[in-house]
Structures are given as C-alpha cells and as structure tokens.
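Visitor: I'm new here, so please pick one part and take me through it up close, then show me how it fits with a few other spots.

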Amino acid sequence: MSTNLLLTHLQKASPNVPLQTIVAALAHHLSVDLPTPTPLTASVVSSPYFLASPPTNERLQGLVTALRHAFHLKHRALVKKTEEGWSLSRAIFSKGVGGSMQEWVRAVVRGLQGGRAAMRLACCTGLLLGVKDFPQIGTAYGKVEDEVIIALAEVMDDYNSDTGDWEKEFRPQIDEPLLSLTLILASQSLPLLPKAKLTALPLSPLTGFLTSTIAKAFHEGMFLRTRLDPSFEEVVQSLSTSPAMHALAGLSKLVALTLELLIETSVRGVQDACITIQTFQIIASRIEQDWRASQFASVRDEEELPSDTKDTYKSIWLMLKTLLFSIVMVSDSALGSVVYVRPQALSSNQTQVSSHTLAKSVLQTLSHLSFVVSRFGGVTATATGDSPGFVELRKVFYIALDVLSAEEGDQQMLGRDFNHCESFVKDMVIDLGSDTFVPGDHSGTFQQAKTAYTLACIEQLVPSLGVSCLEDYVWRLCTPYLSDPSHRETYESAHSVVLSIFSSHAQLASSADSDRRLTAKDDGRFPDSANFVHRMVPFYAQTLVQNSQDGRLSTAQLRLAYSALVRSASTSGSITESHRLGWYCITLILDVIRELSLEERQGNNPDAASRQRLHRLHLTLISTISSLPLPLMIRALEEVRSIITKRRQSDSDVERLGDGMEEGRKDLVDALFVEISEKVGEQEKEAAMRWWYTHRRAFFYKNESHGTGMSAQVEEHCPNIVPRL
C-alpha cells in the first residue's frame, strides 16, 4: 500500500480495509519509506479514522502496535545499512544506530504536537515499548516519557471533578469510554517510566480513576444480580471480553505502583490505599451476597451443572479469580509499603486512618472471597515442591495479620486501650451469620470455606485476644467443628485455633516471672485465666482421644495436639492444680489404651483400625513426655515402660524384624528415644537420661540363640543419649 493510498484510508472513518492492513502499512511507511516521519505522524493523530467516535480499544491498540513495529523496522533498517556500507570514515564521522534512532523518535514526537491527548499517548506508548525492546541502544528518550506524562495529565484534567462548570463550557466533550481506554494505555507505558517522573502526575486522582475503571469492569460487583434475567449470559460474556477485563493485570499493576508512590511520598497515601481496598471490599461483598443466593454456591463440581450453563459458570469463575488476583496484587504493594510508615505519622493524620485500617480492610475483602480462596487450597495451604500454590495470597494474608497485630502494640505505646484485633475477630464471627451447623453436611461448602478462613485469621491473632473474646466468640465458633472431619480445612483450622490458645497460654506462663504475675494489670488481654483453661482442658482432651480414630486427625497431628494440651495444662494455676490437670490428660489416654488392650488380650479379634488406633495412642502418650514437669514425667515414663515391656510377639499378625523385635514395638522405642534425647527440657534432661540408661535393655527382646544374654545385634539397638550441653 502506497503512502497516498494509506492517507486516503486514514481520512475515512470506516475504510474498506481491515485494521491489520492499516497498521502494517503505517509501520512500514513511518520507518522505511519516508525521509522523515513527522508529516505522516501528524496525519495519523488528526485522521478521522483514529478520531472516530466512539473510540475503540482495537484502534488505539493498533496505533500502539504500529509505532512499536515501526521502531523495530527502523532499527533493523539502520543496522542493515550500517553493516552493508561500513567504512572507517563513516564509523567515525557518521551517527551510530543509537543516535539515528533518537533522531527518528524526536521526529515522530514532533508530529504528535497538537494532536488529541489519547492519540499522543497511544503513539508514545508504542515508542516506549519499542525502546524497551532494545535496551542496548540507550535510554535517552526523555522526550517520549515527558509526552506520556503530559498526555495522560491532559486526559485526567478533562475528567477532573474539581473543575468548575464555567471552565468545562470551554472544553471539548470527551466520550466516557475514552478515560478507561486511556488508562489501559497508561498501564502499558507508566510502569516503564522512572518513579521520579511519575510523581509529577496527580497520583491520588489517578488512583481513583484506575480503581473506578477496575470496579466498572466487574459491574461494581453486581453482575450476578441479573442471573435470573434471560440476558444474564450476555452480560457475563460482555464483561469477560471487555477491554478493561483483558487489561486488568496491567491496570492492577499500575494501581499497585501509584499506591506505593503515594504511601512513600504523601501523608494521604495510607488514606488513598484504604479507599482503594475498601472499594474492592464493596465489590467483593456484593459478589459474596449474590453468590450465596445463587444456584452456584452449592455446586461442588461443574459436571453437576446443565450443559447449557457450563460455559457461563466457567466465565464467572475466571472473572472471580481475576478479581482475586487484582486484589492480591494491589494489597501486596500497599501492605509492603505501609509497614515502613511510622505509627506516629499515622496517628497525627486527621483522617483517623492507620495501617490497621488498611490491614483490616484487606482481610475482610479476602473473607468475602473466601469461597474463591478455597479453590487455591485456602490461605493456610503449605507449598510443595511440585505445587508452590498461591504464594502471593499467603504473603498478603500473613502481612495483613502482622500489621494488624503489630498495630495493637503501637496502640498500647500510644496509651490507647481499644483492641483492634478483638474488634476484627468479633466482626468476622458475627459476619458468619446464624447459619445452623450440621455435622457431615456437605451442602454448606460456601459457609465452611468462610468459616475456615475466619478460623485461620483467629489462629494468628490469639495472643492479642482477651479471655472474654476467646470464650464468647472463638471457643463457641470452634466447638462444633472439632469432631466433624467432613470438611477437612474447617476441621483442621478449628483444632489449630484451640491449640493456638493453649500454646499462647503456655508461652505466657513460662516467660512471665512471679513478680510480673503479681504486678500485671488484669485487663483480660491474654488467655492466662486458670478458670478458662481448666474448663477447656478436660473437654478438649476427650475430644482429641475421640479423634484418634482412623480418618480423623493423623498420627502427627494427634501427637502434636496432645503434647501442646498437656504442656498448657501443666503450666496453669498453682503447682498442685497444674500437676493434677496435667496428669488428668495422661490418665485419660491411659484409660483408653487399657480398654483397647484388654479387648485385644481377650481375643475379640480387633480389626486393623483398632490396632492402628492403639498404636497411635501409644505414640501420643510418648509425645507428652517432654511436656510434663519432672514429677509427672517420671510417672509417665514408667507407664510407657510398662506398655512396651508387656507387649508380646504374635506370629500371626506382626511382622518380625531381623533381631526379633516387632515393628510396632520398635516404633515406640524409637519415638521414646527421640523424645528423651531431643525434646525433653534441660531441667528434666538428667533425670530422663538416668531413667533411659536404667531401663533401655528391657525394651529389647532376648535373642533365643544367645540364651538370656544380650546379643551384639540387640546391643546395637540400645543407643546412648548425648547431652546437648
């Protein structure tokens, strides 16, 4: 296509050639065919084809592509010319490729003068992308960067609500979709600019425009409210294929960048970040409300849906995951910057906005999307070698909790008694609603995902919660889920919260000296109430014993949980009370062990599940050794010795090892050795070592071929304990 023919098509709002042809011809003529690109560039930015109303993302992106490809073609032509006609004199006295490219770019920018801001921004975006494709030719393209800043500022100024009505009368009318299309262009170009230049823009209004564009991409969170209309599928299709939805990654990245700069350079930065996250929170809240009322909330597998709704269901889930990614990206940037803001600077802000407000909004936003978060394994899912999971989501979740709990310490330093962590936990529990819990009910998947998320939040905030909050809100929330493994995430999260309560109590009791306990203010902040712990321990001990059955807690989980329970019970109240409560836990598990052992000895032919449960309880009892004080530890060790020495070999159902030791028995001895050698505290270490050296030979069978003496092979199975000191 010749230059004249290209100009002819550009003068038509609807030419009879496709956009791809115009883009290819424009890139060719700008880079190769003309001595200077200035006239053609000026014709492009003022042509009816690109100025046609309403503006389209396809044409603006076509302009970006044309300028980017023109940069590539010009660079290729200059390199080829230099290689073919190389000489020493030309190499010395002529411009190099880098200098010639800079001159060509300046000529293109001169042609943009006087054009509409959106056209100039599109052209400069294409040039910047081309420059970044060839970093070896230099970075002296400040004129292009300046033009991007100026063009975007002009568009924002036209949409600025602070402009008076009198001034607006003298400004050209701008189509409403043009702002979102301009911001899409800005999301492609602004991240390529130095941060120092970005501060020249009005970042606060820019953040507001970007947030509004993202919100409109999701119909302000209300697109699910049309699910009963015949046009629902069309609405979903329109939103999922909109330009803003396709560019949401770039828009979110730009919001994250602007918030980072605002928090670093402005006292209102945290407030702008809170406004942005609260906008996301409103969107997520509306989606959660509509999703709960829709038929999709009870769907566990898309195969359950009719074939005519599967495509719509997939499109909706793609949009929900995209929204979650956007929230995580923006929250990551905001939280990562706010941790460096001094609490004093936030407290002096007259808007009463602080970092805990931001952290709370982030956590509540993720709570509204907990049914989406559960699709990624939840916020507590651990990474594996093959599947690292949603790492950024977990990072945002734990940073927000850290900021919220750290803010609680700042409030104490500032002399404020309001507990933000307790307020947050109460709001989360109340937000769960009054849905009736039905054990084993799989229809409440939506509610269970939200409950699991709430429990994950509470687990990390337990040290900052008072006894009244733990008893009235946390404990009542956990209790129904402690014995129902039908929803694994909620089941394990409930146990984790209870163990966090015991762990926090044990750490406080072990770290606080007698003077501190006498002079400490009884403000109910920490779970150090002996009455509360005394009432929790018997119930939870029985619950753990019940959960020792197959299909509930794993052996490792059961051992860890019961050990933490015993440690907390042994450090609550006075010495007499704590010893009595700690030994109650040991007695409870011993009673169950004796009952199961009696059934096995009476020849009732226990099944494999019963034998596994008995073995699991034996290992659990051994795990409590390191959690007991010295007097109770010796008594527990004697009980363990009695259990190990009373077990007999059975050729019918036990596999023999080379030295005649049954496999289950060897597991118990190995677990006992590890417990004594690695986990027992220094105060009880000496007594535990003496006990081990006294009884270790009794844990191994006599070798029949060696009479009553210990064989060399058995002697090897009697390891020595090396003290840590």
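**A close look at helix α33**

Guide: Let's begin with Lys-666 and Asp-670, which form a salt bridge whose closest N and O atoms are 2.9 Å apart. That term is for a side-chain nitrogen of Lys or Arg within 4 Å of a carboxyl oxygen of Asp or Glu. Before we go on, a word about what you're seeing: this is a predicted model, where local features need pLDDT of at least 70 and side-chain atom pairs count only at pLDDT 80 or more, while totals for chains, interfaces and linings use all residues. Residues are numbered from 1 along each chain as its sequence is written, and side-chain values use heavy atoms, with hydrogens and water left out.

Back to our pair. Lys-666 and Asp-670 sit 4 residues apart in helix α33 (residues 663-679), so about one helical turn separates them. Helices here are DSSP runs (H or I, at least four residues), numbered from the N terminus. Lys-666 is partly exposed at 26% relative accessibility, and Asp-670 is partly exposed too, at 34%. On that scale, buried means under 20% relative accessible area, exposed means over 50%, and partly exposed is in between (1.4 Å probe, protein chains only).

Stay in helix α33 and you'll meet Glu-675 and Lys-679, again 4 residues apart and separated by about one helical turn. They form a salt bridge as well, with the closest N and O atoms 3.9 Å apart. The two ends of this one don't match: Glu-675 is buried, with a relative accessible area of just 1%, whereas Lys-679 is partly exposed at 46%.

Now hop over to helix α32 (residues 630-646), where Arg-641 and Glu-638 are 3 residues apart, which again puts about one helical turn between them. Their side chains meet in a salt bridge at 2.8 Å, N to O. Arg-641 is partly exposed at 26%, and Glu-638 is partly exposed at 28%.

What about the whole structure? A search finds 21 salt bridges in it. Some link up: Glu-288, Arg-292, Asp-431 and Lys-450 are joined in a network of them.

One last stop, for a different kind of meeting. His-72 lies in helix α5 (residues 57-84) and is partly exposed at 24% relative accessibility. Leaving aside residues up to four places away in sequence, His-72 touches Gly-130, Asp-133 and Phe-134, where contact means heavy atoms within 4.5 Å. Take Asp-133: it is 61 residues from His-72 in sequence, yet 8.4 Å away in space, C-alpha to C-alpha.

Key
Helices (H or I, at least four residues) and strands (E, at least two) are DSSP runs, numbered from the N terminus.
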